[in-house]
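User: I would like to learn how to read a structure like this feature by feature. Could you take me through the general idea each time, and then through the case at hand?

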Amino acid sequence: MHIKSAEFVVSNSDVMKCPNSSLPEYAFIGRSNVGKSSLINMLTGRKSLAKTSGKPGKTQLINHFLINKNWHLVDLPGYGYARVSKSSKKTFQKFITQYFSNRTQLVTAFVLVDIRHEPQPIDLDFMQWLGENQIPFSIIFTKADKLKPKAIENHVKAYELILLEFWEEMPNYFITSSPKTIGNKEVLQYIDTLNTNMKL
Ligand code: GDP
């Protein structure tokens, strides 16, 4: 898919105020600092469409971007920031739960995980929750430029081993690097295929 246009539409803290549109939407979510903004900028070929966050955990907003005038890319807040209080964690959970429960336009979620780390409970729990709520998702491994190919393979395998304990098969996944522009074509191709299939 060639990105002809990418426009910021709106930021919201209330899912009910998200665009009233039937365009298919794709949500990107992950731990703070996982590289979500960089990935969105890489995918759209724009330097600063998504703001790389100076203060992780502070911007708890749902951001809609209109891509090629025919689908929405949704930048969801980063989760798991250690310094937020318990009560704001609860508010955050509610907010995210409401997004996923209400947006029937959502085609699939992309859960971002840093390829360098061992599988983290917070990400596994979140994927489990998506599964229980029948929300389709793919995994996007970020920061692949930080590891050698063999280590990438091993880290993906470690994920696979853990996920196969509670999933029948490994979810669809992508390996990406924003500074090296790796994986963007594959993610965009996947979105394009889903968009096309929906029209059939
Ligand atoms: P966000 O908080 O998830 O939106 O993460 P950002 O996109 O703001 O990135 C967090 C930090 O990770 C920044 O210092 C980025 O430069 C860095 N970063 C993001 N993606 C990559 C990547 O693919 N490779 C490397 N090496 N660094 C990355």
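User: Where does R46 lie, and is it buried, exposed or partly exposed?

Analyst: This is a predicted model, and in it R46 sits in the loop between α1 and β3. A residue counts as partly exposed when its relative accessible area falls between the limits of 20% and 50%, and R46, with a relative accessible area of 27%, is therefore partly exposed.

User: Which residues is R46 in contact with, leaving aside its neighbours within four places in sequence?

Analyst: With those neighbours set aside, R46 is in contact with I3, K4, S5, A6 and N41. Of these contacts, A6 illustrates how the chain returns on itself, since R46 and A6 are 40 residues apart in sequence and yet 8.0 Å apart in space, taken from C-alpha to C-alpha.

User: How should I read the sheet, and what is the order of its strands?

Analyst: In general, strands of a sheet pair through backbone hydrogen bonds, and the pairing is either parallel or antiparallel. Here seven strands form an open sheet with mixed pairing, in the order β1-β3-β4-β2-β5-β6-β7. Because β1 (6-12) and β7 (173-175) stand at the edges and have a single partner strand each, one side of each is left without a neighbour in the sheet. From one strand to the next, the twist averages 25°.

User: How many bridges join β2 to β4, and how many join β5 to β6?

Analyst: Strands β2 (residues 25-30) and β4 (residues 71-75) run parallel and are joined by four bridges, with Y26 having L73 in β4 as its bridge partner. Strands β5 and β6 also run parallel, joined by six bridges, and there F110 stands opposite S138 in β6.

User: Which helices lie on this sheet, and at what angles do they run?

Analyst: Helix α1 (residues 36-44) lies across β1, β2, β3 (62-67), β4, β5 (106-114) and β6 (137-142), and runs at about 145° to β2. Helix α5 (residues 184-199) packs on the sheet as well, touching β2, β4, β5, β6 and β7, and its direction makes about 165° with that of β5.

User: Which way do the side chains of β6 point?

Analyst: In a regular strand the side chains alternate between the two faces of the sheet. In β6, F137, I139 and F141 point one way, whereas S138, I140 and T142 point the other way, and all are buried. The strand is accordingly described as mostly covered, with six of its six residues buried.

User: Is Q105 buried or exposed, and what is it in contact with?

Analyst: Q105 belongs to the loop between α2 (86-102) and β5. Since buried means under 20% relative accessible area, Q105 counts as buried at 16% relative accessibility. Apart from its neighbours within four places in sequence, Q105 is in contact with P19, S21, S22, L23, P24 and E25.

User: How many residues surround the ligand, and which are the closest?

Analyst: The ligand is surrounded by 14 residues, the closest being K36, S37, S38, D145 and S178. Turning to individual atom pairs, a polar backbone atom of N33 is 2.9 Å from an oxygen atom of the ligand, a backbone N or O atom of V34 lies 3.2 Å from a ligand oxygen atom, and a polar backbone atom of S178 is 2.8 Å from an oxygen atom of the ligand. Of the 580 Å² of accessible area that the ligand has on its own, the protein covers 75%.

How values were computed
Residues numbered from 1 in each chain as written. Predicted model: local features only at pLDDT ≥ 70, side-chain atom pairs only at ≥ 80, totals over all residues. Heavy atoms only, no water. Pairing = 2+ DSSP bridges. Helix = DSSP H or I, 4+ residues; strand = E, 2+ residues; numbered from the N terminus. Axes fitted to C-alpha atoms, helices over the stretch in contact; angles between N-to-C directions. Contact = heavy atoms within 4.5 Å. Buried < 20%, exposed > 50% of the residue type's maximum accessible area, 1.4 Å probe, protein only. Near = heavy atom within 4 Å. Polar contact = N/O pair within 3.5 Å; in protein donor to acceptor, adjacent residues only side chain to side chain. Areas by Shrake-Rupley, 256 points an atom, 1.4 Å probe, with all protein chains shown as cover.
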